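Colleague: I would like to go through this model with you. Please give me the reason behind each label.

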Amino acid sequence: MSATDENECLVEARDVVLSFGRTPALQGASLAVAAGEIMAIMGPSGSGKTTLLHCLAGILTPQAGEIHFDGRRVDTMGETERSTLRRDRFGFVFQFGQLVPELTAEENVALPLLLGGARRTAALKEAGTWFERLGLDGLEKRRSGELSGGQAQRVALARGLVSRPEILFADEPTGSLDSLTGEHVMDLLVTAAREQGTTVIVVTHEPRVAAYAGREVIVRDGKVSSFSAMRMDS
Amino acid sequence: MSVPLTLLGLLEREPSHGYDLKRDYDAFFGRGKPLSFGQVYGTLGRLARAGKVVVGESEAGAGPDRKRYVITQQGATEFEAWLTEPVEAEPHLQTVLFAKVVLALMLGRDAEHYLDAQRAAHLQRMRELTETKREGSLVDALLADHGLFHLESDLRWIDLTAARLDALAEEVRA
Ligand SMILES: Nc1ncnc2c1ncn2[C@@H]1O[C@H](COP(=O)(O)OP(=O)(O)O)[C@@H](O)[C@H]1O
Ligand SMILES: [Mg+2]
């Protein structure tokens with residue numbers, strides 16, 4: 001019996017298969033994540049971690065298998081419905097923050113709110129609250145070129161969380177940072193996620209980053225390792 | 001952790017009562033394994049007989065706890081030498097992890113399953129240490145980090161070994 005049976009399962013991949021041309025990326029990957037869980041996806045480079053994350057987040061459509069989110073099939077949804085789901089209920093953070101260079105830090109954080117139809121003043125005000133929370137006071141008007149790697153990654157984290165998503169998908173969010181800065185970002189991520197009850201799926205190959213999650217799975221050769229890791233009951 | 005050298009180091013700060021030494025040892029180095037008073041006074045007695053500390057005059061009130069211990073030049077020299085000497089960099093070649101993998105392969109057991117179980121146990125411990133680090137003081141964090149880096153290097157070895165199991169099996173069964 002898996003740990004998620006007792007809890008409400010928020011997102012699930014069932015026997016997902018996906019190839020890029022002749023390169024198999026996922027070969028029957030299954031994973032269930034409970035609401036409120038912080039889950040790490042680990043595994044060697046090229047094993048299919050990013051592809052699995054993108055399938056769960058409705059960015060890629062698997063060639064076989066199913067993706068479920070909150071009781072709905074994501075893999076069979078139309079693109080419009082899927083992009084609404086991503087915008088309204090999902091948050092994203094990637095290895096390189098991918099901030100929009102033409103926008104200020106504050107505008108970058110406000111972006112998901114603006115795309116969701118919020119008014120500019122309200123969106124910027126909400127974005128502003130994240131600067132203090134993440135120790136970014138005074139950097140609101142900077143552009144991404146004027147931020148250090150760690151600062152940019154915290155801005156990206158704020159942008160991922162600003163719309164209070166039900167689930168945050170993070171792909172190597174500390175991958176471009178030195179280990180101390182990376183851990184600081186993880187610490188902030190976990191604190192914020194716990195505070196607002198956000199479910200987190202974080203892809204990482206670093207054990208020290210995975211140790212911030214409550215549970216980990218290992219992806220190998222496009223499959224999620226069947227070995228069920230112990231789960232921290234907290 | 002060398003108790004005598006650690007106590008010498010604490011005495012190098014200032015002459016102290018046994019009680020103060022125990023309190024500071026427990027706070028900074030004990031980590032859930034406090035020294036007993038017997039250990040403290042036993043160690044101080046041996047250090048005194050070796051000429052590394054001297055016992056000051058008993059203060060009013062008497063009793064063992066009223067005595068102040070003072071480090072000697074010999075004690076200070078020994079402590080200084082220990083402090084600056086790097087610890088032997090162990091090659092870690094004969095760890096229990098290594099022995100289990102090799103034995104499992106020799107006996108045709110499931111070494112991969114063992115490595116998966118070990119990886120999960122290591123990560124669980126890393127989670128606990130990370131939680132300690134997030135909630136504790138800077139001293140706790142420093143100690144937790146030391147543990148985390150060691151566990152991380154074990155994990156690297158576990159991953160590398162897992163990737164080479166087939167070749168390893170051939171070699172140990174040859
Ligand atoms: N867009 C793509 N086009 C072609 N092959 C890809 C693409 N994305 C990933 N792959 C291949 O799919 C496999 C899994 O990749 P990925 O999911 O990115 O692995 P990971 O994130 O674990 O490093 C790899 O062999 C990779 O080369
Ligand atoms: Mg990847």
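**Labels and their reasons**

Modeller: Take A:Arg133 to begin. A:Arg133 has 32% relative accessibility, so it counts as partly exposed. Keep in mind that this is a predicted model.

Colleague: What makes 32% partly exposed?

Modeller: Buried means under 20%, and exposed means over 50%. The 32% of A:Arg133 lies between those cut-offs, so the label is partly exposed.

Colleague: Which residue forms a salt bridge with A:Arg133?

Modeller: The partner is A:Glu195, and the closest N and O atoms are 2.6 Å apart. The cut-off is 4 Å, so 2.6 Å qualifies as a salt bridge. The two residues sit in distant parts of the chain, 62 residues apart. A:Glu195 is in helix α6 of chain A, and A:Arg133 is in helix α4 of chain A.

Colleague: Why is A:Glu195 called exposed?

Modeller: A:Glu195 has 57% relative accessibility. Exposed means over 50%, so the label fits.

Colleague: How do you know that A:Arg72 and A:Glu81 form a salt bridge?

Modeller: Their side chains meet at 2.7 Å, N to O. That is within 4 Å, so the pair counts. A:Arg72 is partly exposed at 33%. A:Glu81 is partly exposed too, at 40%.

Colleague: What links B:Arg13 and B:Asp24?

Modeller: A salt bridge, with the closest N and O atoms 2.7 Å apart. The pair joins helix α1 of chain B, which holds B:Arg13, to helix α2 of chain B, which holds B:Asp24. The two residues are 11 apart.

Colleague: Are B:Arg13 and B:Asp24 buried or partly exposed?

Modeller: B:Asp24 has 11% relative accessibility, which is under 20%, so it is buried. B:Arg13 has 46%, so it is partly exposed.

Colleague: How many salt bridges does the structure hold?

Modeller: There are 30 over all chains. One network of salt bridges links A:Glu12, A:Arg14, A:Glu66, A:Arg73 and A:Asp75.

Colleague: What makes the phi of A:Arg164 worth a remark?

Modeller: Most residues other than glycine have a negative phi. A:Arg164 is not a glycine, yet its phi is positive, about 50°. A:Arg164 lies in the loop between α5 and β7 of chain A. With a relative accessible area of 47%, A:Arg164 is partly exposed.

Colleague: Which phi does A:Glu172 have?

Modeller: A positive one, about 45°, although A:Glu172 is not a glycine. A:Glu172 is in the loop between β7 and α6 of chain A. At 11% relative accessibility, A:Glu172 falls under 20%, so it is buried.

Colleague: Why is B:Tyr69 called buried?

Modeller: B:Tyr69 has 8% relative accessibility, and buried means under 20%. The residue lies in strand β3 of chain B. B:Tyr69 and B:Leu35 are 34 residues apart in sequence and 17 Å apart in space, C-alpha to C-alpha.

Colleague: What makes A:Val209 buried?

Modeller: Its relative accessible area is 4%, so it meets the rule of under 20%. A:Val209 is in helix α7 of chain A. A:Asp187 is 22 residues from A:Val209 along the chain, and their C-alpha atoms are separated by 9.3 Å.

Colleague: Which residues make the nonpolar surface patch of about 250 Å²?

Modeller: B:Phe28, B:Phe29 and B:Val139 make it. B:Val139 is in helix α7 of chain B. A patch residue needs over 30% relative accessible area, and B:Val139 has 36%, so it passes that cut-off. It counts as partly exposed.

Colleague: How many cavities of 30 Å³ or more are there?

Modeller: The count comes to two. The second largest cavity holds about 50 Å³ of space. It is lined by 10 residues, and among those closest to its centre are A:Arg194, A:Tyr212 and B:Glu131.

Colleague: Which element gives the most to that lining?

Modeller: α6(B) does, with four residues. Two elements give two or more residues: α6 of chain A and α6 of chain B.

Colleague: What kinds of residue make up the lining of the second largest cavity?

Modeller: Five are nonpolar, one is polar and four are charged.

Methods
Residues are numbered from 1 along each chain as its sequence is written. Chains are lettered from A and ligands numbered from 1 in the order in which they are written. This is a predicted model: local features need pLDDT of at least 70, side-chain atom pairs count only at pLDDT 80 or more; totals for chains, interfaces and linings use all residues. Side-chain values use heavy atoms; hydrogens and water are left out. Patches are made of residues with over 30% relative accessible area and no salt bridge: like charges are joined within 9 Å, nonpolar side chains (Val, Leu, Ile, Met, Phe, Trp, Tyr) within 5 Å. Accessible areas come from the Shrake-Rupley method with a 1.4 Å probe; for residues, only the protein chains shown count as cover. Buried means under 20% relative accessible area, exposed over 50%, partly exposed in between (1.4 Å probe, protein chains only). On a 1 Å grid over the protein atoms alone, a cavity is a set of points where a 1.4 Å probe fits but cannot get out, and a pocket is an open set with protein on both sides within 12 Å along at least five of seven lines; lining residues have an atom within 4 Å of a point. Grid points are joined across faces, edges and corners, and a volume is the space filled by probe spheres set on the points. Ala, Val, Leu, Ile, Met, Phe, Trp, Tyr, Cys and Pro count as nonpolar, Asp, Glu, Lys and Arg as charged, and the others, Gly among them, as polar.
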